[in-house]
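Here is a structure to walk through together, at an easy pace. Keep the 3D view open and turn it as you read.

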Amino acid sequence: MAVETKPQTLCMEPQAAQDSDNEGSKARDIESSISKDSALPSPSDEFPEGGLVAWTTAFGSFLILFCGWGYTTSFGVYEDFYTQQYLTNETSFAISTIGSFNAFLGTSVSLIAGSLYDRGYFYHLVIAGSLLQSLSLFMLSLAKPDQYYQIFLTQGLGSGIALGLLYVPSLAVVSHYFKRKRTLVMTFVTFGSSLGAIVHPIMLNNLLNGHLGFANGVRASAGLVSALLFIACLCMRTRLDPPTTPVNYIAAARKCLRDVPFTFALAGAFLAQTGFYYPLFFLQLDSIKHGIGITFSFYSLVILNASSCVGRVTSGYTAAYIGVPNLTVISAISCGLIILGTIGLSSLASVVILGVLYGYFSGVYTAMVGPLVAVLAPNPSELGGWMGICFFVGGFGSLIGTPISGALLTSDYIWWKPALFSGVASLAGAVMYSSMGFIYTRRNKP
């Protein structure tokens with residue numbers, strides 16, 4: 001496979017979703033593993049490994065992830081604001097659907113964006129995605145109170161599509177300039193989503209709940225995002241020609257679905273993602289409803305996301321000792337148990353402890369999903385297709401998980417029901433991952 005194809009197909013993730021930020025460290029780890037086994041065409045044998053154009057391109061990618069997944073993983077702020085002030089006539093199910101649909105589109109649209117990127121449409125994707133993200137946020141500022149469809153179309157649909165268009169190209173283009181330093185540069189780039197998941201909640205809480213109000217607060221946020229995306233578009237430049245043979249996703253899907261350990265991994269990803277976003281979307285609201293100070297509650301997501309950064313950074317070192325499959329199982333079990341622990345949330349100390357613990361292990365989990373698929377895929381040249389399928393299936397779990405949690409919460413705020421559902425779903429995912437690890441170990445035993 002040509003080098004151009006690899007980065008974008010392996011980034012078909014993202015949940016993250018996740019993380020924020022969750023999605024960026026997956027791409028970094030897989031990118032590194034593919035590059036070792038690839039046959040590169042002669043023009044790409046020489047990587048600049050630096051220079052003004054290379055580093056400005058990396059900085060542009062950093063900004064896109066800051067404005068993309070960093071913004072998406074801040075939806076917990078909107079969840080709280082919509083529930084208590086702006087969409088008071090809507091159920092928690094309906095409100096959480098906005099954020100989950102946004103994250104789902106960020107994953108599913110990436111499949112299309114990767115295919116277009118393979119065909120040389122980098123600038124088209126980046127410019128269109130940036131314009132759509134800017135337009136969606138400015139249109140969101142015009143949404144009226146209790147007009148659910150206006151918010152869903154702008155924040156759920158429009159911003160979600162923009163996220164999907166931007167994510168793959170912004171990560172893939174970095175590999176045009178770096179090979180030896182690729183892991184280091186990817187660490188810098190994906191930190192954009194982590195930093196965004198910390199900065200945006202602080203900014204949004206102060207804007208939406210301050211003297212500016214919703215309309216002007218969202219416009220201020222949209223102005224910042226638009227300015228950063230404009231700078232990103234000016235910074236990024238491609239260097240290599242598009243590959244001559246893009247990945248055949250249909251053939252890759254047929255092959256990977258016949259692999260038993262990978263099938264269990266898909267089931268694990270779907271179930272784990274079903275419960276994964278519950279703390280990200282509901283921790284701030286849960287904290288406020290339990291009588292904890294509003295000012296401190298506004299920083300609950302910041303605590304969680306900051307701890308998630310630490311989890312992603314340290315996961316690579318831990319995996320070197322205990323193995324990627326084992327660490328995936330441990331992190332999935334830990335996430336499920338901590339989600340169940342939110343049933344006991346009642347004090348400031350409990351919010352801090354649960355936020356730090358869940359942030360750390362969720363960061364480890366999101367960092368391990370990508371390398372896990374790299375371990376399971378028998379042929380590195382097919383890794384991009386396997387990654388895209390895994391993230392796409394996991395995205396469906398993200399799509400249905402938080403709306404179901406919102407429906408179980410009800411207007412009476414019965415917190416143990418959604419926590420139990422999300423925790424059990426995550427633990428069921430851990431069981432699937434454990435089965436995957438057992439079968440994979442037996443299959444590869446000498």
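The paragraphs below go from the overall fold to the core, then to one helix, one serine and the cavities.

Start with the whole chain, keeping in mind that this is a predicted model. The protein has 19 helices and 0 strands, and of its 446 residues, 59% are buried. How far apart in sequence are the residues that touch? Taking contacts between residues at least 6 apart in sequence, 85% join residues at least 24 apart.

Now look inside. The largest nonpolar core holds 108 residues, and those that touch the most other members are Y78, Y82, L140, I151, F214, F262 and Y433. Helix 17, which runs over residues 348-376, supplies the largest share of this core, with 11 residues. Y433 is a good one to select in your viewer. Apart from neighbours within four places in sequence, Y433 is in contact with A265, G268, A269, A272, T328, V329, A332, Y365, V369 and L372.

Several of those partners lead us to helix 12, residues 260-276. Among the buried residues of helix 12 are A265, G268, A269 and A272, and also F262, which was one of the core residues named above. At the start of this helix, a side-chain oxygen of D259 comes to within 3.0 Å of the backbone nitrogen of F262. Does the length of the helix agree or disagree with its residue count? The expected span is 1.5 Å times one less than the number of residues, so the 17 residues of helix 12 should cover 24 Å, and the end C-alpha atoms are indeed 24 Å apart, which agrees.

Next, turn to S226, which sits in helix 10, residues 213-235. Is S226 buried or exposed? Its relative accessible area is 17%, and because buried means under 20%, S226 counts as buried. Outside its neighbours within four places in sequence, S226 is in contact with S134 and F138.

Finally, consider the empty space. A search of the whole structure turns up 5 cavities of 30 Å³ or more, and the largest has a volume of about 70 Å³. Which residues line the largest cavity? They are Y71, T72, F75, Y78, I98, G99, N102, Q155 and S159. Helix 4 (69-72), helix 5 (75-86), helix 6 (92-118) and helix 8 (148-172) each give two or more residues to this lining, with helix 6 giving the most, 3 residues. Y78 links two parts of this tour: it lines the largest cavity, and it is among the residues that touch the most other members of the largest nonpolar core.

Definitions and conventions. Residues numbered from 1 in each chain as written. Predicted model: local features only at pLDDT ≥ 70, side-chain atom pairs only at ≥ 80, totals over all residues. Heavy atoms only, no water. Helix = DSSP H or I, 4+ residues; strand = E, 2+ residues; numbered from the N terminus. Buried < 20%, exposed > 50% of the residue type's maximum accessible area, 1.4 Å probe, protein only. Contact = heavy atoms within 4.5 Å. Core = buried A, V, L, I, M, F, W, Y, C linked by side-chain atoms within 4.5 Å. Polar contact = N/O pair within 3.5 Å; in protein donor to acceptor, adjacent residues only side chain to side chain. 1 Å grid on protein atoms, 1.4 Å probe; cavity = no way out; pocket = protein on both sides within 12 Å on 5 of 7 lines; lining within 4 Å. Points joined across faces, edges and corners; volume = space filled by probe spheres on them.
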